[in-house]
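Please open the model in your viewer and keep the selection tool at hand. The stops below say what to select next and what is there.

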Amino acid sequence: MKTLILLIDFYGHPALTTDRYNDNIRYSALTEIISSSFIDRTNCAIFSTSIPQNDERLLELKKMAILKGFPFVTPIPGTNDVPWDEIYSIDYIKSKLKDFINIDKTDTQIIVTGTNTSGCVYKSKSIGAYHWSKAGFKTKIYLPMTIEYEQKGINDLEKNINGFATLYNEIKKDKCFDIDIVKNFTDLKLPV
């Protein structure tokens, strides 16, 4: 099965974190994917929303991914390519990746990662897991590559607990039980 890995606002809001360890987990999990030699890179692509120039880690990981043969597409906001993050859509992503991978609901899984698990990763962005699921795609949210900043909490642990509880309640309300919540790398079932 082909795989599209989405990085939604991956850089996040580091000024709001109480524990840099949480941000490091996300980058480490992405590094694990990029560095895994068994993945069939002709059937696995990465799409990121815009990457701030000060996110040196993600920019470096993008270079590494491309050198290792992953299609890694990041439109640049403010250009003719894409004026703002808000216009991202499933059709837009499919068009940007069409030269690398044919994204089709019959044989493509979508792995959604990024910032604000209960918000943008799930539904707030038009490329969140909810929208892929409703479009008929096999959809997964990969928890090691997500983080919650928008929920209340005195530290990152409490924010993430509240974010996951909100995510679960939203999935129940929307009846999106076909979305897999994944915590183990092997459960991603990346193409080999």
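In this predicted model, begin by selecting α3 and colouring I90, Y92, I93 and L97, which are the buried residues of that helix. These residues lie on the same side of α3, because the arc they cover around the axis is only 160°. To see what lies over them, add β1, β2, β3 and α5 (129-134), which are included in what covers the buried residues of α3. The helix itself, residues 90-97, lies across β1, β2 and β3, and its direction makes an angle of about 125° with β2.

Next, show the strands alone. What order do the six strands of the open sheet have? Reading across the sheet, you should pass β3, β2, β1, β4, β5 and β6 in that order, and the pairing is parallel. At the edges you will find β3 (72-73) and β6 (180-182), each of which pairs on one side only.

Now select β1, which holds residues 2-8, together with β4, which holds residues 108-115; the two strands run parallel and are joined by seven bridges. If you pick out I8, you will find G114 of β4 standing opposite.

Go on to α1, residues 20-35, which lies across β1, β2 (44-48), β4 and β5 (138-147), and which runs at about 130° to β5. The helix has 16 residues, and the distance from its first C-alpha to its last is 22 Å, close to the 22 Å expected at 1.5 Å a residue. Which residues of α1 are buried? Select N22, D23, R26, Y27, A29, L30, I33 and I34 to display them. They are on the same side of α1, because they cover an arc of only 150° around the axis. Around these buried residues, the covering elements include β1, β2, α2 (56-67), β4, β5 and α6 (156-174).

At the N-terminal end of α1, select D19, which caps the helix there: one of its side-chain oxygens lies 2.9 Å from the backbone nitrogen of Y21.

From there, move to T17, whose place is in the loop between β1 and α1. Is T17 buried or exposed? Its relative accessible area is 15%, and T17 therefore counts as buried, since the cut-off for that word is under 20%. Leaving aside residues up to four places away in sequence, T17 touches D23, Y149 and D156. With D156 there is also a polar contact of 2.4 Å between the two side chains. D23, which T17 touches, is also one of the buried residues of α1.

The last stops concern backbone angles. Most residues other than glycine have a negative phi. Select D9, which lies in the loop between β1 and α1, and you will find a positive phi of about 45°, although D9 is not a glycine. With 21% relative accessibility, D9 counts as partly exposed.

Then select K175 in the loop between α6 and β6, where phi is again positive, near 55°, in a residue other than glycine. K175 is exposed, and its relative accessible area is 63%.

Note on methods
Residues are numbered from 1 along each chain as its sequence is written. This is a predicted model: local features need pLDDT of at least 70, side-chain atom pairs count only at pLDDT 80 or more; totals for chains, interfaces and linings use all residues. Side-chain values use heavy atoms; hydrogens and water are left out. Two strands pair if DSSP finds at least two bridges between them. Helices (H or I, at least four residues) and strands (E, at least two) are DSSP runs, numbered from the N terminus. Contact means heavy atoms within 4.5 Å. Axes are lines fitted to C-alpha atoms, for helices over the stretch in contact, and angles run from 0 to 180 degrees between N-to-C directions. The expected span of a helix is 1.5 Å times one less than its number of residues. Buried means under 20% relative accessible area, exposed over 50%, partly exposed in between (1.4 Å probe, protein chains only). The arc is that of the directions from the helix axis to the C-beta atoms. A polar contact is a pair of N or O atoms within 3.5 Å; within protein, one must be able to donate a hydrogen and the other to accept it, and residues adjacent in sequence count only if both atoms are side-chain atoms.
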